[in-house]
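Please open the structure in your viewer and set it to a cartoon display. The tour below proceeds by selections, one stop after another.

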Amino acid sequence: MTIERVPPKHYPKAEIGRRGMALGLDFLGVWLVSSLLGSANIGIQFVEIFVFVILWLVLRVLVPYNNQGQSLGRWAFDLKVLEVEDGQVMGRIPDLLSLVKREAIIGLGALFVSIALSNIRANPTAILLILPLAIDCGTAFSDTQMQQALHDRYCGTFIVSSRRGYSLDIKIKRLIENMRRNVRR
């Protein structure tokens, strides 16, 4: 009897554009709800920040932990987060602590973007608050093998394409193509 080594299952890499759209959709939902609870005053709104943090953790940690690694944005774009060990995708969703660390890092960057958007009219230099998120997510462009952002590398996670989801990007492409065809007629 010989023991054969089973090759690891292949998980398709998620395109960076789809990952960005999924993050943007999650951010937009959390930001809209939290900004509705803020006041019209200029400056940092602590209630708005508190609501943003709570909603971010619910949407990006609890929902994926209980929904096969998919948040609302990842579900809309057919993506999911999986665990990585020694450079190999393991095929299971990360544990709760890894998800909390991952989303705390990216959530801090998203919170800075939220503060920048709330204060951009009064203080145009607030646009610089986008830099931490841009640096964190921009590292995925330099990683040619796994395309992991800093938060993914630190927490041992990986975003893969999934068969389960809404396929929003495909539906939008079809809608645009149909509109182009109708305009040409």
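**First stop: the sheet**

In this predicted model, 3 strands form an open sheet, with antiparallel pairing and the order 2-1-3. Select strand 2 (88-89) and strand 3 (157-161), which are the edge strands, each pairing on one side only. In general, the strands of a sheet pair through backbone hydrogen bonds, in either a parallel or an antiparallel manner.

Next, select residues 79-85, which make up strand 1. Strand 1 and strand 2 run antiparallel and are joined by 2 bridges. Which residue of strand 2 is the bridge partner of Glu-85? Display the side chains here: the partner is Gln-88.

**Second stop: the whole protein**

Now zoom out and colour the protein by secondary structure, which comes to 7 helices and 3 strands. Following the protein from the N terminus, one meets the elements in the order α-α-α-β-β-α-α-α-β-α. Along the principal axes, the C-alpha atoms fill a box of roughly 75 × 55 × 30 Å. Of the 185 residues, 38% count as buried.

**Third stop: a charged patch**

Select Arg-180, Arg-181, Arg-184 and Arg-185, and switch on the surface display. These residues form a positive surface patch. To place Arg-185, select helix 7 (168-184) and continue into the segment after helix 7, where Arg-185 is found. Is Arg-185 buried or exposed? Arg-185 counts as exposed because its relative accessibility is 77%, and exposed means over 50%.

Note on methods
Residues are numbered from 1 along each chain as its sequence is written. This is a predicted model: local features need pLDDT of at least 70, side-chain atom pairs count only at pLDDT 80 or more; totals for chains, interfaces and linings use all residues. Side-chain values use heavy atoms; hydrogens and water are left out. Two strands pair if DSSP finds at least two bridges between them. Helices (H or I, at least four residues) and strands (E, at least two) are DSSP runs, numbered from the N terminus. Patches are made of residues with over 30% relative accessible area and no salt bridge: like charges are joined within 9 Å, nonpolar side chains (Val, Leu, Ile, Met, Phe, Trp, Tyr) within 5 Å. Accessible areas come from the Shrake-Rupley method with a 1.4 Å probe; for residues, only the protein chains shown count as cover. A salt bridge is a side-chain nitrogen of Lys or Arg within 4 Å of a carboxyl oxygen of Asp or Glu. Lys and Arg count as positive and Asp and Glu as negative; His and the chain ends are not counted. The place of a charge is taken as NZ of Lys, CZ of Arg, CG of Asp or CD of Glu. Buried means under 20% relative accessible area, exposed over 50%, partly exposed in between (1.4 Å probe, protein chains only).
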